[in-house]
Structures are given as structure tokens and as C-alpha cells.
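Here is a short briefing on how strands pair in a structure with more than one chain. Keep the 3D view open and follow the residue numbers as you read.

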Amino acid sequence: MPDLQNDLSELDIRLPLERFPVSDGSRVPYAVFNSPEIYALEQERIYRGKTWSFLGLESEIPEPFDYKSTFIGDTPVVMTRGGDGRLAAWVNRCAHRGAMVCRHLRGNAKTHDCVYHQWSFDPAGNLLGVPFRRGKAGQAGMPPDFDPKAHSLRQLRVASYKGLVFATFSEEVEPLEAYIGPVMLEAVDRVARRPLVYLGCTRQYSNSNWKLYMENVKDPYHASLLHLFHTTFNIFRVGMKARCVTDGGHGLHSLILAIKEGQDVAGEDYKSQNLRSYDEGFSLEDDSILALVPEHEPVATNHIQPIFPQLVIQQIHNTLVARQLLPKGPNNFELIFHFFGYDDDTPELRALRVKQANLVGPAGYISMEDTEATELVQQGIVRDGRAASVIEMAKSAPDQENTLITESLIRSFWRGYQQLMFGA
Amino acid sequence: MLENDIMIRMGLADLMDRYIDALDSDRLEEWPTFFVEDCLYEIIPKENEDAGLPAPLMRCENAGMLRDRVVSLRHANVYQQPVYRHFMSAMRWSRDGGDGYRVTSNYMVINTNQIGQSFVYQTGVYQDLVVADASGEFKFKRRRVIYDTSRVQTLLAIPI
């Protein structure tokens, strides 16, 4: 008699794959946003697969023996700096009986000791000592063939680029710089142009799937329609040149750049469309919040760059953020906004970065709506797993990179996702 | 002296209560009027405050920025209207030089959403500098909101 239970669970896993109705990324079955099976598969094939996940900034752990707890996917990991300054990362699970070894968000420690039985590990995750290893008073300890070297914490490959720290479970994935790719590296260099100084973080929790946020940061189409801050205050973006590109390889990384070409002017574009996003009569009392000190080439108001799967690099005016995207089950994600500046910031520029934190983050003038929107999707798609979203904008012009009215980056993301999850 | 202190405490408590009442009753337009023009209002996670790091959740460096926030919340930003109830405790105050008062207090904000769930939205402390304006009315010169609930649920629109 066939094992019905097993057949069913296999079917559940296959189902969304079979229901990607087309392979060009323009149709996405809603089941991928709430299926527990898909979520479990993502943990294996994405977060533990051939990807590099962003952990944090080097400047969060500047001193020898500093550490920070974080996650790759939903697996708790710790990034550390050794006594020699070397970066390391390991899975936060004792090699003995599985307890979490590191219980603090941040700190400084020469050894990491599991509280359960005091197994002790160095910052790189190597086992240093086991209490009563040789027994006590003639009684037996660990077996004589017990080899401490074989019981380290699960150590991860770690690499840092321009102060951004990444780790991977994979022994096969290419080196970090090749994984990011030359097109995207150039864009990282644009923002990480000086040594980074950590300015603190804010955290936002959303009742929606992490991929809805990934779509959001690849979606310049929504920007002027959902976020009405600029249009409400009559700050128009007619003189903007856009650049929307992918990494040119797997297509999972991308860049949206809104390049400033002239002065913002009151525009007829929005008015003539009679959009909700046009409103008259308001102006900012303090418009210094939208100042832009030119410091990056080309001068752009917005640089939004997801490095799949856990990082979004952001420059909006003079506020700089490394957003860390962490899945928390199929129906939730956490977003951590790591604010930073540069080591040569003047006090005035540093103050402007802090003031412009008003633009982004959980209370950001031009970002707070994003989680509202992704939660509306999560609520709308329940029980309609086989229905699919429609992602067609600018599909007929696949090479057009100079427009913000496009969903090409989202289609590219879904092609890369299908390859990673279900590919050959 | 004691009588004077009691009057000061009552005046400060009155300011706190009126502030909370305005926010919890959706009279957002009144919010900037609790501050002097040259003021600071800041919401910052305890995590950053403890580490001496400046990144805020919200930061208004003058009353104009407070009013801009209100206009934006009323006309630009898209969010599900929350229903806040603020609860405040452990108010302590001391004199700050000649004419100001340093006030600290605990707060908790319960939010009720549209489907009728109430949950603890945020807890933290207020660290205030209160001054009397030209007409003798107590106003915030500085109100720093240092929150414990570092993980902000969905978004923060309405000030704390």
C-alpha cells in the first residue's frame, strides 16, 4: 500500500513549482508567499545553498573579541572578531546537546561558553574545553578517543567587502566578490566609498513574507504611487534620470538609481495624470530634511540595491543604510536598518544623516508604507495559492534600463529564484 | 516650598496628561503645540541609546518639523489608523538650572487594530526638559522617547 502521507507532502512541495505558469517571472503563484513547505525548502536551497548572506557591518564589531548575534535565514548565527582581528561566524548551537551558546545580542568575549554544561569555544568556534573530560576521582569521563577538534561549532565561510560582512554555509559558492558580480560591485563601491562608521539600528517586524519585501525593493513603479510624501509637498521629480539594472548573471541582485539631473520642479506629469498622488497646497516648513550634499557619483537621490538574499544597500539623500532582511516563518519577516556614515564625516554631514533617518525605517516618511503594502498582499492571497500575481510593466522593453516605470527587476528576481529553488 | 513643589508636580502631570489625551484622541494637530518652537522631539531605541549611537526612529529638531510630520501623516502617508492608549507611571522631576524641569517617566502604549486586537505596541521611558513659555504655560523643550520594544510592529506613524 502506498504511503499516502508521504505522497501528499511531496506533492505539496512540488505544487507551487508546477504552478509557476510561465518561466519568465511575470506570473508568481501566491502559494510561494505562505507555503510552509516552500519556506522550509528556501532555508535549504537559498539560505544554506549557494548564496552569501549579509550579517552586519565590520564596524559593529570593531574591537578584538567583539561579537554580534544574528541570523542566516532563520538559523541563529554569531559573527565574531578574534584576538587577531579576524572575522568568523558560526551557528549558535552547542556541539554538545544543541543549546544556544551565545545568549546576548552584542558583546565582547574571549570565549563563548555554553551555560548548560560549560563547553567552551573560542571566537572562531573551535572547542577549547569540556568539563570532566577525563572524569573525576578515577571515574570515567569522555571516551579516550574523544577528539575536541571534531566537535567545533558549525563554522561558516566568512568574507567581508568594504566593511560589509557576509557568510555562507556553502563550500561550493564562488568567492563573495564573484557572487556579487562586477556590475553590482561597482554600485556597492559607490556607497561604500569610505570606511563605514556604524550609527545604530532600528528594527521593523512585518506580518508578511520576506519575498514581498524583496519585490518591493525591486519595484520602482510603486515609489511615486504608494509613497506620497514628495508629491504631497509638491516636490516633483521630473528632472530625474533612472537606472534600473540587475547583476546580469543569476539576476537576483539589482540596483535602482534615481539620478539627479536638474532642480526639482513643480511638474505637470503627475497633475495631468490626475493621480491620487497629486495634492496642492502643502509645503514643508523645514525642507532641510530633503537636502542633498553631493558625495556619490553619479549624484542620486535614491540608491536601492538588494544583494540577495539578506541585504539591501540604501542611499536616500544623505542617509545611508544596510537593511538586513530576515525571514521569520512563511508569514513574517524582520527588517533591520543598520545606519552608517563615513569616517571622514563633518559634524554637519553626520547630523544631516541622522536627521534624514526620518525618511526611512519603520517611521520613515518614504518607507513606512512598504510593510503596510506587503501585509495587504499577505492578507489578500490567503487560500488562493494557485492564483498568480501579474508582473507585466515594461515587459515588452526588456533592455530599457532608464525608466522607473518598470517591473523588469522583479521578473529577473523570480527567474533567479525559480532557478535556485527548482533548477536543474 | 513644599506647596510650591506640589504645584510644579501638578503642572507637569497636567502637561503629560493633556499630551497623552491629544494623541490618544486623534487630535494630532495639537501635538506640536505642547512644544516650544526651538525644541527637540526624538524617538530612539534603547539599544542605540545604551550604546551611545544616534540613529533615531523619528527626530524633529524644531516645531516646524513636528508640524511637517502632522501634515504628512494627515495627507501623505498611508497606514492603518491605530488606536493608541498611553499609560504612564513613575514620573520623577528635578529642577534644571533656573527655569526648567527635568522629568522622566515610564510609558506603555497599547494599540488596538481594526479587527479589535489590543496589544502592547511599545514601552519605554520619556526623558523630558520642560520649560514655562512666555505666558507661564509648561511646554516641552526636549522630549526624548527611549523605547524598549526595539522590534516595531509593522510601522510607526503616530508619535508616542
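Start with one residue pair: L164(A), in β11(A), is the bridge partner of Y161(A). The model is predicted. Strands of a sheet pair through backbone hydrogen bonds, either parallel or antiparallel. From that pair, the tour moves out to a sheet, then to two hairpins, then to the contact between the chains.

**The sheet in chain A**
- β11 of chain A covers residues 164-168.
- β11(A) pairs with β10(A) in the antiparallel sense, over five bridges.
- Both strands belong to an open sheet of three strands, in the order β2-β11-β10.
- Pairing in this sheet is antiparallel.
- Which strands lie at the edges? They are β2 (53-57) and β10 (157-161) of chain A, and each pairs on one side only.
- From one strand to the next, the twist averages 30°.

**Hairpins in chain B**
- Strand β3 spans residues 83-96 of chain B, and strand β4 spans residues 100-112.
- Twelve bridges join β3(B) and β4(B), and the pairing is antiparallel.
- One pair to look for is S89(B), which stands opposite N106(B) in β4(B).
- The two strands form a hairpin with three residues between them.
- In that turn, G97(B) has a positive phi of about 60°.
- β4(B) also pairs with strand β5, residues 118-132 of chain B.
- This pairing is antiparallel too, and it has 13 bridges.
- Within it, Y107(B) has G124(B) in β5(B) as its bridge partner.
- β4(B) and β5(B) form a hairpin with five residues between the strands.
- Here G116(B) takes a positive phi near 95°.

**Where the chains meet**
- How many residues of each chain are in contact with the other? For chain B the count is 32, and for chain A it is 34.
- On the side of chain B that touches chain A, four elements each supply at least two residues: α2 (46-51), β2 (58-60), α3 (63-75) and β7 (151-153).
- α3(B) gives the most to this side, with seven residues.
- By class, this side of chain B has 17 nonpolar, ten polar and five charged residues.

**A strand pair across the chains**
- Strand β12 of chain A, residues 196-206, is joined to β7(B) by three bridges.
- Do these two strands run parallel or antiparallel? They run parallel.
- To find the pairing in the view, look for Y205(A): its bridge partner in β7(B) is Q153(B).

Key:
Residues numbered from 1 in each chain as written. Chains lettered and ligands numbered in written order. Predicted model: local features only at pLDDT ≥ 70, side-chain atom pairs only at ≥ 80, totals over all residues. Pairing = 2+ DSSP bridges. Axes fitted to C-alpha atoms, helices over the stretch in contact; angles between N-to-C directions. Contact = placed C-beta atoms within 7 Å. Nonpolar A, V, L, I, M, F, W, Y, C, P; charged D, E, K, R; others polar.
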